[in-house]
Amino acid sequence: TGLRVPILFLCLSAWAAVARGEDPYLFFTWNITYGTVAPLGVPQQAILINGQFPGPNINSTSNNNVVVNVFNHLDEPFLVTWNGVQQRKNSWQDGVLGTNCPIPPGKNYTYHFQVKDQIGSYFYYPSTAVHRAAGGFGGLRINSRLLIPVPYADPEDDYTVLIGDWYTKSNTQLRSFLDSGRALGRPDGVLINGKSNKSGGKDEPLFTMKPGKTYKYRICNVGLKNSLNFRIQDHLLKLVEMEGSHTVQNTYESLDVHVGQCFSVLVTADKKPKDYLMVASTRFTKTVLTTTAVIGYTNGKGPASTEIPAAPVGWAWSLNQFRSFRWNLTASAARPNPQGSYHYGQINITRTIKLVNSASKVNDKLRYGINGISHTDPETPLKLAQYYNVADRVFKYDLIQDAPAATVGDKLTVLPNVGNITFRTFVEIILENHENTIQSWHLDGYSFFAVAIEPGRWTPEKRKSYNLLDGVSRHTIQVFPKSWAAIMLTFDNAGIWNLRSELLERRYLGQQMYFSVLSPERSLRDEYNVPDNALLCGIVKDMPKPPPYSI
């Protein structure tokens, strides 16, 4: 009889959770510390999560509640952002300096967010200072619920592949370069899951495959500066998902993965049983940096060939690859209805915003900006200032124009850059790059339809080239040199959301801004209240909390 009470209690607890209709919870405790790593053979200080570099994978399913208690054991403030997680109604959990006070040294903060109506491959990383150059990043996957059909058979296994360029200098050294007005220069190497193969294919296999079986590889560029080309010796990559969208399943010999982007591919072990190399190499750089990792067949005999498959050259190839990416209109993503039931191409555009990136000197120091404004983070996060009704003491809205002058980037002004967007409007954003280097742009809180990337300058006539049927819904888009990209989305997620360059030095030196999307209702149907455990800083630190939103 002693067992009956606990079992009855467990049954009642489970019934109560079902009755409340709550989705499952995943709990994590993360200790953020410094440690020494030497991925390129040079010992250097890295940021570890629970002693791991890269950090642990978060393996979730659509609609799960994710609770991460982050203890900051570093000697400076720290935040984590969840790249691509939309944080519906909940920009409080976005983990960027426009929404959150950083976690002070010796303190902790518990993130609590729901991966609502999302599937796909993502990653997290530190958003403070230049901490991303020291680690603190890891994979984050959102699996489909069992009830929702996936447009391919279950793979034998599911692997996360984090590729990125890397510096051997510490993040504090790199930050001091940027603070003194210097650019970072070229990275020292490329890593795959925190390692660089220095033994020419003689390393232990990073991944293994059984002959005849098919495997899923989730490839994310978690680097700082360079686009990377990813390929596997003698094996084709079948693209199935990209940043939360099922794609038309084309096969590729290699994929260009720009900074901040994630792709899921299927790879079948249908070749001679031995070892093979996966390769990641820099694109659009004078000096090509390359690294490899070993994939072993379980019955394999013999090492990988030392002959590394050639990478594509030039960006026209990369642009053509982008044009081949198509949204899978018949597949269901996080919800049962097919992706293509949302006809984005038939929605009237209510506003067009053109954003031009530029580099310039401010007080003899290098800065980057958008439409002439180089963003700086005020001590009081924008979202908190807005919620506490003191925004006018912290920043001004709408400093930039929707249609900037041709000379807009010649001079930069350093100020917080916040634009208002009317809730639930369908907006076209043109990202125009007048510079000679590739850009990579990411928007928090949303997925957008990537409808075009073209050389030259944008004009309204260029809309004729848009893909208004099956452009992929995603969160990060590249813009080639002297080119533009067009994205479209409905701003239906209330909050303050970061649009940023994914290139670390550009973001740190001002190439980012925030969109304020306010619900006029001040209703919990549209946005959650500030969390009870929110860290407070700046001018709101000791202010009384405003009256909460209600239904």
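Good morning. I begin with a packing arrangement: the buried residues of helix α3 pack against five strands, namely β16 (251–252), β17 (254–257), β28 (448–455), β29 (473–474) and β30 (476–479). Please keep in mind that we are looking at a predicted model.

Which residues of α3 are buried? The helix covers residues 315–324, and its buried members are Ser318, Leu319, Gln321 and Phe322. When one looks down the axis of α3, these buried residues fall within an arc of 160°, so they line one face of the helix. Those residues are the ones that pack against the strands I listed at the outset.

Let me now turn to the protein as a whole. Its secondary structure amounts to five helices and 33 strands. Of the contacts with a separation of 6 or more, 78% join residues that are 24 or more positions apart.

As for overall dimensions, the C-alpha trace spans about 80 × 70 × 50 Å along its principal axes. The radius of gyration is 23 Å; a compact globule with 551 residues would have a value near 24 Å, and the two therefore agree.

How much of the protein is buried? Of its 551 residues, 58% count as buried. The protein exposes about 22300 Å², and 54% of that area is supplied by carbon and sulfur atoms.

Finally, the charges. There are 55 positive and 45 negative side chains in the protein. The centres of these two sets lie 1 Å apart.

Thank you for your attention.

Technical notes
Residues are numbered from 1 along each chain as its sequence is written. Side-chain values use heavy atoms; hydrogens and water are left out. Helices (H or I, at least four residues) and strands (E, at least two) are DSSP runs, numbered from the N terminus. The radius of gyration is taken over C-alpha atoms; the globule rule is 2.2 Å times the number of residues to the power 0.38. Buried means under 20% relative accessible area, exposed over 50%, partly exposed in between (1.4 Å probe, protein chains only). Contact means heavy atoms within 4.5 Å. Accessible areas come from the Shrake-Rupley method with a 1.4 Å probe; for residues, only the protein chains shown count as cover. Lys and Arg count as positive and Asp and Glu as negative; His and the chain ends are not counted. The place of a charge is taken as NZ of Lys, CZ of Arg, CG of Asp or CD of Glu. The arc is that of the directions from the helix axis to the C-beta atoms.
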